[in-house]
Amino acid sequence: MALLTIDNLHVRFRTPAGLLHAVNGVNLQVDRGEIVGLVGESGCGKSVTARAIMRLLPEHRSAQVSGRVVWRDEDLLAKSETDMVRLRGADLAMIFQDPLSALNPVMRIGDQVIEGPRQREKLSRQRARARAIEWLDHVGIPDAAARVDQYPHTFSGGMRQRVVMATALSGSPDLLIADEPTTALDVTIQAQLLERLRTLQAETGTAILFITHDLAVVAQLCHRVAVMYAGRIVEQATVAELFAHPRHPYTRALLNSTPVPGQRERLEPIPGAPPDGLHPFSGCPFADRCPHAIPACDLPPPLEDVTSTHRVACHRHEELADP
Amino acid sequence: MAHRFHIFRQHRVAFVALIVIVGYALIAVLAPWLAPRDPYSMSGDYPLVAPGTAGYWLGSDPFGRDILSRLMYGARTSLMVGSIAAGLALVLGTIVGVCAGYFGRHIDAVLSRFMEVLFSFPDILLALIIMAILGPSTVNVMLAIGVVYTPIFARIARASTLRVKRAAYVEAARTMGARTPRILIRHILPNISGPLMVQTTLSFAFAILAEAALSFLGLGVEPDAPSWGIMLNEGKDWMQHGWWVAVFPGLAITLAVLSFNVLGDGLRDLIEDTG
């Protein structure tokens, strides 16, 4: 059953240089208890999509958001800020890329972890503290009972990201949006953190929308994956299908530019740069960089079903399929 | 190394200033017990006696009132006016500045323009206008000085809020479902408090000076109340006959203002050191 359905989401920003098209018709679905990876290079609209779901964009200033973001049966984009405040933290939570700045430097760790539930449930001080310790323990903070009263500067980057995870999960949300949570960390810490996240996900059943540019992380963590390019979803499939039979030329190029341990093959960079979003175009956004582009690519490719779990937006995906 | 020594010395001076301020505060609180004489009682037998004579350690004024006792009671006036005026400016300025910085747009435009108008008056002139309208009294001095120094706090609070409101932890708090009042009080306010504390200490010095100036001009506290400014005013006419009447209140003001300034600078260094 679909928990979150994003339907034709568009986000544009008014900038001094003109209207910037950041997200151009994203369609995506996240089911209950599922981990979906949202992959793409910097600037492709991943984070903007996440913030649009949470309604964190400056909508009354520069951002224009259209389309539908259906949460259970209700369109989040139609909700008032008061209603969103009620949903944030309790139903939908989010964690950010930089753990060093995501914690308030002058607030005790424990108070931050339990801030959401404490407002909603009117917990007593002792109950809140106990819950905070419990959550810090869950995310793997050693000696949680002692550290609950400390301030963020005494924590390392990896430990802070664990605290941030505890902060987001303490409200028992149904969906956690993780915006590149491990990007700022080194690889061993990243592996530990992903392992912990997977364990917690299995225990709590929280669905996760995991945003990353790292395909290795997707392979390790996710059930399904959507590949985003220039504000559009170009391919989505189960992780196994996508890695075994990528259909979209961009997905293939992305896989070819990722190192595989043990192989000494030369990595192939993708030539050119993605469109800048200031100059709207009607055709396939990848056509300029695509080795397989044909004149028909001037028309927008529809997102077509390859199998019931695999969809791709490319005019030539059938010809280009693996034999 | 030289840098560290410099900071150490800076803090040591600030520490001395703190001790002086605590000394002033103790004298102010304990004035009724410490003062050798009644600060109001006049004595026709001992007008304008020199320091040291007949138990008048710092001499007496032309009405035979004990200078030392009046200075001690004057510390009460100065510190009370200073703390309440600086506190008022802190509270008003912070509310205005945080609202302007956080909500932005029209609210910012209206509040900031209003603060700029206040700011554009010379301090003492604005205080004089307010005092002339309200009439001289201790409460009115506090109000006037508080209003005069509000824009400085508003400006600092606004600038700091603009910086802090873009911090990731503020956005993170929003995603956890924190409401605006909570974000302002728990996340913004504690993170902008450093510069505001420094400004409060410095404003304390300004407020003491402003109180003395207003009282000197006769638009401050009630005329018979012991105030350093009033004492200075009375003393100036007698400089040739009794220098002590004006010099001691002048020294009291100088030392207090200097101490608050040094402490404020020390606090600023400390905050900048620790980031």
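Chain A of this predicted model holds an open sheet of 8 strands, and its pairing is mixed. Read across the sheet, the strand order is β6-β7-β8-β3-β9-β10-β12-β11. At its edges stand β6 (92-95) and β11 (304-307) of chain A, each of them paired on one side only. From one strand to the next, the twist averages 20°.

Let us step into the middle of this sheet. Strand β3 (residues 35-39) of chain A runs parallel to strand β8 (residues 207-212) of chain A, and 5 bridges link the two. If you would like a landmark for that pairing, look for Leu38(A), whose bridge partner in β8(A) is Ile211(A).

The β11 edge looks like this. Strand β11(A) is joined by 3 bridges to strand β12 (residues 310-312) of chain A, and the two run antiparallel. Together β11(A) and β12(A) make a hairpin, with 2 residues between them. Here Asp305(A) has Arg311(A) of β12(A) as its bridge partner.

Helices also lie on this sheet. Helix α11 (residues 249-256) of chain A lies across β3, β9 and β10 (232-238) of chain A, and its direction is at about 100° to β9(A). Helix α1(A) lies across β3, β6, β7 (175-179), β8 and β9 (224-229) of chain A, running at about 145° to β6(A).

**A second sheet in chain A**

Chain A also has an open sheet of 4 strands, ordered β2-β1-β4-β5, in which the pairing is antiparallel. Why do β2 (18-31) and β5 (74-75) of chain A each have one side without a neighbour in the sheet? Both stand at the edges with a single partner strand each, so one side of each is left open in this way.

Strand β1 (residues 2-15) of chain A pairs with β2(A) in the antiparallel sense over 11 bridges. These two strands form a hairpin with 2 residues between them. Two bridge pairs help to trace it: Thr15(A) is partnered by Gly18(A) in β2(A), and Val11(A) is partnered by Val23(A) in β2(A). Strand β1(A) is also joined to β4(A), by 8 bridges, and these strands run antiparallel. Along that pairing, Asp7(A) finds its bridge partner in Arg68(A) of β4(A).

Helix α1 (residues 46-54) of chain A comes back into the picture here. It packs on the 4-strand sheet, where it touches β1, β2 and β4 (63-71) of chain A. The direction of α1(A) makes about 110° with that of β1(A). Helix α1(A) therefore has a place in the description of both sheets, with contacts to β1, β2 and β4 in one and a position across β3, β6, β7, β8 and β9 in the other.Here are the strand pairings of chain A gathered in one place.

| Strand pair | Sense | Bridges |
|---|---|---|
| β1(A) and β2(A) | antiparallel | 11 bridges |
| β1(A) and β4(A) | antiparallel | 8 bridges |
| β3(A) and β8(A) | parallel | 5 bridges |
| β11(A) and β12(A) | antiparallel | 3 bridges |

**Chain B and its contact with chain A**

Chain B has 9 helices and 0 strands. Along the sequence its pattern reads α-α-α-α-α-α-α-α-α. The C-alpha trace of chain B spans about 75 × 50 × 30 Å along its principal axes.

How many residues does each chain bring to the contact? Chain B gives 20 residues and chain A gives 28 residues. Between them the two chains bury about 2000 Å², with 50% of it on carbon and sulfur atoms. Of the area that chain B buries against chain A, 32% is supplied by Arg174(B), Thr175(B) and Met176(B), more than by any other three residues.

Arg174(B) is worth a second look, as its side chain meets that of Glu81(A) in a salt bridge (3.7 Å, N to O). The count between chain B and chain A is 3 salt bridges. Across the interface there are also 9 residue pairs in polar contact, with both residues at pLDDT 80 or more.

Which elements give two or more residues to the side of chain B that touches chain A? They are α6 (168-175) and α7 (180-216) of chain B. The largest share, 7 residues, comes from α6(B). By type, the residues on this side of chain B divide into 8 nonpolar, 5 polar and 7 charged.

Conventions:
Residues numbered from 1 in each chain as written. Chains lettered and ligands numbered in written order. Predicted model: local features only at pLDDT ≥ 70, side-chain atom pairs only at ≥ 80, totals over all residues. Heavy atoms only, no water. Contact = heavy atoms within 4.5 Å. Buried area = accessible area lost by both parts, 1.4 Å probe. Salt bridge = Lys/Arg side-chain N within 4 Å of Asp/Glu carboxyl O. Polar contact = N/O pair within 3.5 Å; in protein donor to acceptor, adjacent residues only side chain to side chain. Nonpolar A, V, L, I, M, F, W, Y, C, P; charged D, E, K, R; others polar. Pairing = 2+ DSSP bridges. Axes fitted to C-alpha atoms, helices over the stretch in contact; angles between N-to-C directions.
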